[in-house]
Amino acid sequence: MQIKQITQNKKQFLPLLLLGDEQESMIDRYLERGDLFALYDPDCKTICVVTKEGPGIYEIKNIATSPHAQRQGYGQKMVQFVLNYYQPWAHTFLVGTGDSPLTLSFYQKCGFQVSHRIPNFFINHYDHAIYENGKQLIDMVYLKKELSAQK
Ligand SMILES: CC(C)(COP(=O)(O)OP(=O)(O)OC[C@H]1O[C@@H](n2cnc3c(N)ncnc32)[C@H](O)[C@@H]1OP(=O)(O)O)[C@@H](O)C(=O)NCCC(=O)NCCS
């Protein structure tokens, strides 16, 4: 298993990016300025996009594991990798997600804690209703993880 940073032709991963964030125009807001990582074992199982949001503040904008490879630990390995990768510069990691038990339990398992909400984010920013497991996503739920290293 290896994780590589992808700097060229990031849109080759569009099918997986759309699994994590189903509107391409929203992906276009962060893909170029973000760092894209891909986990291979031996083919690509998981992708993740991380942006810098301020001094020492980084955000996971997108993470997705291929449907056939889910629940095998790849997502958690990817989160551990990016937390380690940014450790020298980061004091805080953020992630925003829909109010869905699946993704909330995933991030909580990765050590994130619920921080705050952006009401109506999915209504205001997406051109169609987004559903996860039959439930419409309305608010963006932000989770946070403080990194302990001294900066
Ligand atoms: C969220 C996602 C990235 C998790 O990736 P993954 O590789 O399946 O995750 P892991 O196998 O590392 O799971 C780690 C833990 O997260 C939790 N988890 C993962 N999938 C879960 C599910 N379907 N239901 C409940 N908990 C889940 C579990 O606690 C799991 O640990 P366990 O298997 O030991 O119980 C994956 O489900 C996915 O790609 N979903 C679609 C895209 C998406 O919603 N992305 C997030 C929004 S940006």
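Let's start at the ligand: one of its oxygen atoms sits 2.8 Å from a polar backbone atom of Thr65. Keep in mind that this is a predicted model. Thr65 has company here, since 18 residues surround the ligand, and the closest are Ile63, Thr65, Arg71, Gly73 and Gly75. Two of those names come back with backbone distances of their own. A backbone N or O atom of Ile63 lies 2.8 Å from a nitrogen atom of the ligand, and a polar backbone atom of Gly75 is 2.8 Å from an oxygen atom of the ligand.

Stay with Thr65 for a moment, as it's a handy place to look around from. Thr65 belongs to strand 4. Is Thr65 buried or exposed? Its relative accessibility is 11%, so Thr65 counts as buried, the cut-off for that being under 20%. Its side chain makes a polar contact of 2.9 Å with the side chain of Thr46. Leaving aside residues up to four places away in sequence, Thr65 touches Leu16, Leu19, Lys45, Thr46, Gln70, Tyr74 and Gly75. Gly75 thus turns up both as a contact of Thr65 and among the residues closest to the ligand.

Following the chain onward from strand 4, you get to the loop that leads to helix 3, and Ala69 is in that loop. At 1% relative accessibility, Ala69 counts as buried. With residues up to four places away set aside, Ala69 touches Lys45 and Tyr74, two residues that are also on the contact list of Thr65. Lys45 is 24 residues from Ala69 along the chain, yet their C-alpha atoms are separated by 6.3 Å.

Now zoom out to the sheet. Its 7 strands are ordered 1-2-3-4-5-9-6, the sheet is open and the pairing is mixed. At the edges are strand 1 (2–6) and strand 6 (113–118), each of which pairs on one side only. Going from strand to neighbouring strand, the average turn is 30 degrees, direction ignored.

Two of the pairings show what "mixed" looks like here. Strand 2 (residues 35–40) and strand 3 (residues 44–54) run antiparallel and are joined by 6 bridges; Ala38, for instance, has Ile47 in strand 3 as its bridge partner. Strand 4 and strand 5, on the other hand, pair in the parallel sense over 4 bridges, and Tyr58 has its bridge partner in strand 5, namely Phe93. How many of the residues of strand 5 are buried? The count is 7 of 7.

What lies across the strands? Helix 3 (residues 74–86) lies across strand 1, strand 2, strand 3, strand 4 (57–65), strand 5 (92–98) and strand 9 (140–146), and runs at about 135 degrees to strand 2. Helix 4 (residues 101–109) lies across strand 4, strand 5, strand 6 and strand 9, at about 165 degrees to strand 5.

Helix 4 is worth a closer look for how its residues are arranged. Thr103, Leu104 and Tyr107 are its buried residues. They sit on the same side of helix 4 because they cover an arc of only 100 degrees around the axis. The general background is that an α-helix has 3.6 residues a turn, so residues three or four places apart point the same way. Covering those buried residues are, among others, strand 4, strand 5, strand 7 (131–132) and strand 9. On the face turned away from the buried side you'll find the exposed residues Pro101 and Lys109. Just after helix 4, Gly111 takes a positive phi of about 95 degrees.

Two more residues round off the tour. Met26 is in helix 2 (residues 24–27), and at 6% relative accessibility it counts as buried. Not counting residues up to four places away in sequence, Met26 touches Asp21, Phe121, His125 and Tyr126. With Tyr126 the C-alpha separation is 7.8 Å, although the two residues are 100 residues apart along the chain.

Gln136, in strand 8 (residues 135–136), has a relative accessibility of 29% and therefore counts as partly exposed. Beyond residues up to four places away, Gln136 touches Ile123, Ala129, Ile130 and Tyr131. Gln136 and Gly98 are 38 residues apart in sequence and 9.0 Å apart in space, C-alpha to C-alpha.

Note on methods
Residues are numbered from 1 along each chain as its sequence is written. This is a predicted model: local features need pLDDT of at least 70, side-chain atom pairs count only at pLDDT 80 or more; totals for chains, interfaces and linings use all residues. Side-chain values use heavy atoms; hydrogens and water are left out. Two strands pair if DSSP finds at least two bridges between them. Helices (H or I, at least four residues) and strands (E, at least two) are DSSP runs, numbered from the N terminus. Axes are lines fitted to C-alpha atoms, for helices over the stretch in contact, and angles run from 0 to 180 degrees between N-to-C directions. Contact means heavy atoms within 4.5 Å. Buried means under 20% relative accessible area, exposed over 50%, partly exposed in between (1.4 Å probe, protein chains only). The arc is that of the directions from the helix axis to the C-beta atoms. A residue is near a molecule or strand if one of its heavy atoms lies within 4 Å of it. A polar contact is a pair of N or O atoms within 3.5 Å; within protein, one must be able to donate a hydrogen and the other to accept it, and residues adjacent in sequence count only if both atoms are side-chain atoms.
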